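Me: Please take one part of this model and examine it closely. I would like a single connected account of how that part is built and what surrounds it.

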Amino acid sequence: MEIMLGWIRKGQYSLENNEKQPYGGYLLAGTATAAFTGIALLVGADRIGPFDLAIIRVVQGWESASLTAIAEALSWVGSTKSVIALTLLLAIFMYAVLKHRMELVLFAAAIGGAGLLNKLLKTAFQRERPDIHPLVAETGYSFPSGHTMGALALYGILVWLLWRHVANPAGKTVLIAVCALMYLGIVTSRV
């Protein structure tokens, strides 16, 4: 508490500026949690099949040699080995260049926590993978997608950690756009 009061006195922390900011994050997290819960209930009740088929048909309708190559590359980027390698490189960068120490704990918790939660949820749901025209053979259960959870954890925590290091609004927009495009590309590549 004393440290917080010291920051406020020095002008390093403003209650006015930060009072409204968390609510957007809470709203986004609450909306995402509600959406995931709704999807999980549908999966658990085995009532998501028609939705799956509709999405699969649309995305696989885009299939071409060039888009398939991009999808395979994005799927590889979202694979466990690639995420681990990227996570290690980013952790070294954050530690050595940005001098983040405590943020590394959050970074590791986000990535490791997503992996652990994914394994627990896959075990709970035990949903078989769809076998409609797969381009890449995968093993294990399909819900929730490990690629999707890993990508969301990685790119979401990257935006959060790097946000304060980007000075101008255009740079922040680029940061969000690149991370969002990587995430959406990985998600789409899984279909």
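The reply below follows one helix, its packing and its core, and then turns to a group of aromatic rings.

Reply: The model is predicted, so local features are described only at pLDDT of at least 70 and side-chain atom pairs only at pLDDT 80 or more, whereas totals for chains, interfaces and linings use all residues. Residues are numbered from 1 along each chain as its sequence is written, and side-chain values use heavy atoms, with hydrogens and water left out.

The part chosen is helix 8, residues 146-162. Helices are DSSP runs of H or I with at least four residues, numbered from the N terminus. With 17 residues, helix 8 reaches 24 Å from its first C-alpha to its last, close to the expected 24 Å (1.5 Å times one less than the number of residues).

Twelve of these 17 residues are buried (under 20% relative accessible area, with a 1.4 Å probe and protein chains only), so helix 8 is largely enclosed by the rest of the structure. Among the buried residues are His 147, Met 149, Gly 150, Ala 153 and Ile 157. The cover over them includes helix 5 (65-77), helix 6 (80-96), helix 7 (102-125) and helix 9 (169-190).

Helix 9 packs against helix 8 at an angle of about 180°, with the axes 9 Å apart. Axes are lines fitted to C-alpha atoms over the stretch in contact, and angles run from 0 to 180 degrees between N-to-C directions. The two helices are therefore roughly antiparallel (over 145 degrees). Contact (heavy atoms within 4.5 Å) involves His 147, Thr 148, Ala 151, Leu 152, Tyr 155, Leu 158, Val 159 and Leu 162 on the side of helix 8. Helix 9 contributes residues including Leu 175, Cys 179, Met 182, Tyr 183 and Arg 190.

Helix 8 also gives the most to the largest nonpolar core, with eight residues. This core has 19 residues in total (buried Ala, Val, Leu, Ile, Met, Phe, Trp, Tyr and Cys joined through side-chain atoms within 4.5 Å). Phe 107, Ile 111, Leu 154, Tyr 155, Leu 158 and Cys 179 have the most contacts inside the core. Helix 6, helix 7, helix 8 and helix 9 each give two or more residues to it.

Ile 111 touches Ala 153, Leu 154 and Ile 157, as well as Val 83 and Thr 87, when residues up to four places away in sequence are not counted. Thr 87 belongs to helix 6 and, at a relative accessible area of 12%, is buried. Beyond its neighbours within four places in sequence, Thr 87 is in contact with Phe 107, Ile 111 and Leu 154.

In the loop between helix 7 and helix 8 lies Phe 143, which counts as buried at 9% relative accessibility. Phe 143 forms one aromatic cluster with Phe 36 and Phe 125. Rings of Phe, Tyr and Trp (its six-membered ring) pair if their centres lie within 6.5 Å, with planes under 30 degrees apart counted as stacked and over 60 as edge-to-face. Phe 36 and Phe 143 are stacked, with centres 5.6 Å apart and planes at 5°. Because Phe 36 lies in helix 3 (residues 21-44), this pair ties together parts 107 residues apart in sequence. Phe 125 and Phe 143 are edge-to-face, with centres 5.0 Å apart and planes at 85°.

Key: Buried < 20%, exposed > 50% of the residue type's maximum accessible area, 1.4 Å probe, protein only. Parallel < 35°, antiparallel > 145°, perpendicular 65-115°, else oblique.
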